[in-house]
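Thanks for coming, everyone. I'll take you through one model this morning. Have a look at it first.

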Number of protein chains: 2
Amino acid sequence: MSKYENIDFTHYARVFKAISNPNRLKILVYFMSCCEPGSVCTVGDGPRCCVGELGSLLSVAPSTLSHHLKELHGAGLINMQRRGQQIECWLATDAIAAVREFFSFAADPVCGQADNSHCGGKDEAE
Amino acid sequence: MSKYENIDFTHYARVFKAISNPNRLKILVYFMSCCEPGSVCTVGDGPRCCVGELGSLLSVAPSTLSHHLKELHGAGLINMQRRGQQIECWLATDAIAAVREFFSFAADPVCGQADNSHCGGKDEAE
DNA sequence: TTCATATTTCGACATATTTCGAATTATAGG
DNA sequence: CCTATAATTCGAAATATGTCGAAATATGAA
């Protein structure tokens, strides 16, 4: 029985659609790259920011940005919470973990080998 | 310097767009689930198949299927090669590995912890 | 060559997406 | 209460996507 046996295609399709737009992908990557590898991030610096701050990242109209954030939030990739006048956004790390898991078939002891010739496929380009 | 410093947004957006459609996602998962975990797949069974075989997976017109395969191939997710009358398709495992790597920020010794509170974010739902 | 099978290309159409500006809502502060 | 700031909702317009059927292309076999 494959690990993809009972996969929710609708859900994952929505997640991937959320990051299929370059602007939304930029937002996600902005959140994912909050830390410099090997260093400890300053608390409160980076991972949480308000909508307006994200706007400087994209150069689109506020209404457009709002729409994109709604998509990301609807797909469960980011969290949003009002804090005074502003609305704070931060990464939904569990959702990212789920996506990472989705692609981790290669961790399978058999299928996960660099070459998958045991599966009957020669990994040559066309 | 973040690992996302020099990321090709256009490329990854295209990859995610390719699997943002439920039908195309089904095709990808079909290829990814060729093996049953812990077992060795029969050579020639599963991972390589012709376009027609994939059609039974989707119930769409052949022309539609062809369009979807073109998208997946254009995004570099599958390989295609003519073999007689048929055209064989199989997973581009290196492309999948690249996507997996994209989401593996959590493998970072600091950022990769289950809770990312060190980043200033409390992972609470809104 | 002629026919059958496998797949793609083309043109068309309905629907979805991206984007904007204007108007609206929510909150903070005088 | 009034004003300013932050963000969303609401049309509207341009573009992209998903789908089909018909026609075209590629290959193999009679």
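**Protein against DNA**

Start at a phosphate. A phosphate oxygen of DNA strand C sits 2.6 Å from a polar side-chain atom of Ser66(B). Keep in mind that this is a predicted model.

Stay with strand C. Which residues come nearest to DNA strand C? There are 24 residues around it, and the nearest are Thr64(A), His68(A), Gly52(B), Ser66(B) and Gln85(B). Of the DNA strand C atoms that come within 4 Å of the protein, 71% belong to sugar and phosphate.

Two more polar contacts on this strand. The side chain of His68(A) has an N or O atom 2.5 Å from a phosphate oxygen of DNA strand C. Asn21(A) places a polar side-chain atom 3.3 Å from a phosphate oxygen of DNA strand C.

Where do the residues come from? In chain A, helix H2 (22-32) and H4 each supply at least two residues of the surface near DNA strand C. In chain B, helix H3 (51-58), H4 and E3 each do so too. By class, that surface has seven nonpolar, 13 polar and four charged residues.

Now the other strand. How many residues surround DNA strand D? The number is 24, and the closest are Gly52(A), Ser66(A), Gln85(A), Ala61(B) and His68(B). Sugar and phosphate make up 72% of the DNA strand D atoms within 4 Å of the protein.

Look at the phosphates here. Ser66(A) has a side-chain N or O atom 2.6 Å from a phosphate oxygen of DNA strand D. For His68(B), the distance from a side-chain N or O atom to a phosphate oxygen of DNA strand D is 2.5 Å. There is a base contact to point out as well. A polar side-chain atom of Ser63(B) is 3.0 Å from a base oxygen of DNA strand D.

The elements on this side: from chain A, helix H3 (51-58), helix H4 (62-74) and strand E3 (86-91) each give at least two residues to the surface near DNA strand D. From chain B, helix H2 (22-32) and helix H4 (62-74) each do likewise. The surface near DNA strand D divides into seven nonpolar, 13 polar and four charged residues.

Next, the sheets. E3 came up for both DNA strands, from chain A at strand D and from chain B at strand C.

Take chain B. Its open sheet of three strands runs in the order E1-E3-E2, with antiparallel pairing. Strand E1 (49-50) and strand E2 (78-83) are the edge strands, each pairing on one side only. E2(B) and E3(B) are joined by six bridges. Arg83(B) stands opposite Gln86(B) there. H2(B) lies across E1, E2 and E3, at about 75 degrees to E3(B).

Over to chain A. E1(A) and E3(A) run antiparallel, joined by two bridges, and Cys50(A) is opposite Glu88(A). E2(A) and E3(A) pair antiparallel over six bridges, with Met80(A) partnering Cys89(A). These two strands form a hairpin with two residues between them. In the turn, Gly84(A) has a positive phi of about 70 degrees.

Last stop: two helices of chain B. The axes of H1 (residues 9-18) and H5 (residues 93-102) come within 12 Å and cross at roughly 110 degrees. So H1(B) is roughly perpendicular to H5(B). Tyr12(B), Val15(B) and Phe16(B) of H1(B) make the contact with Ala98(B), Val99(B) and Phe102(B) of H5(B). By class, that is six nonpolar residues, no polar and no charged.

Methods
Residues are numbered from 1 along each chain as its sequence is written. Chains are lettered from A and ligands numbered from 1 in the order in which they are written. This is a predicted model: local features need pLDDT of at least 70, side-chain atom pairs count only at pLDDT 80 or more; totals for chains, interfaces and linings use all residues. Side-chain values use heavy atoms; hydrogens and water are left out. A residue is near a molecule or strand if one of its heavy atoms lies within 4 Å of it. A polar contact is a pair of N or O atoms within 3.5 Å; within protein, one must be able to donate a hydrogen and the other to accept it, and residues adjacent in sequence count only if both atoms are side-chain atoms. Helices (H or I, at least four residues) and strands (E, at least two) are DSSP runs, numbered from the N terminus. Ala, Val, Leu, Ile, Met, Phe, Trp, Tyr, Cys and Pro count as nonpolar, Asp, Glu, Lys and Arg as charged, and the others, Gly among them, as polar. Axes are lines fitted to C-alpha atoms, for helices over the stretch in contact, and angles run from 0 to 180 degrees between N-to-C directions. Angles under 35 degrees count as roughly parallel, over 145 as roughly antiparallel, 65 to 115 as roughly perpendicular and the rest as oblique. Contact means heavy atoms within 4.5 Å. Two strands pair if DSSP finds at least two bridges between them.
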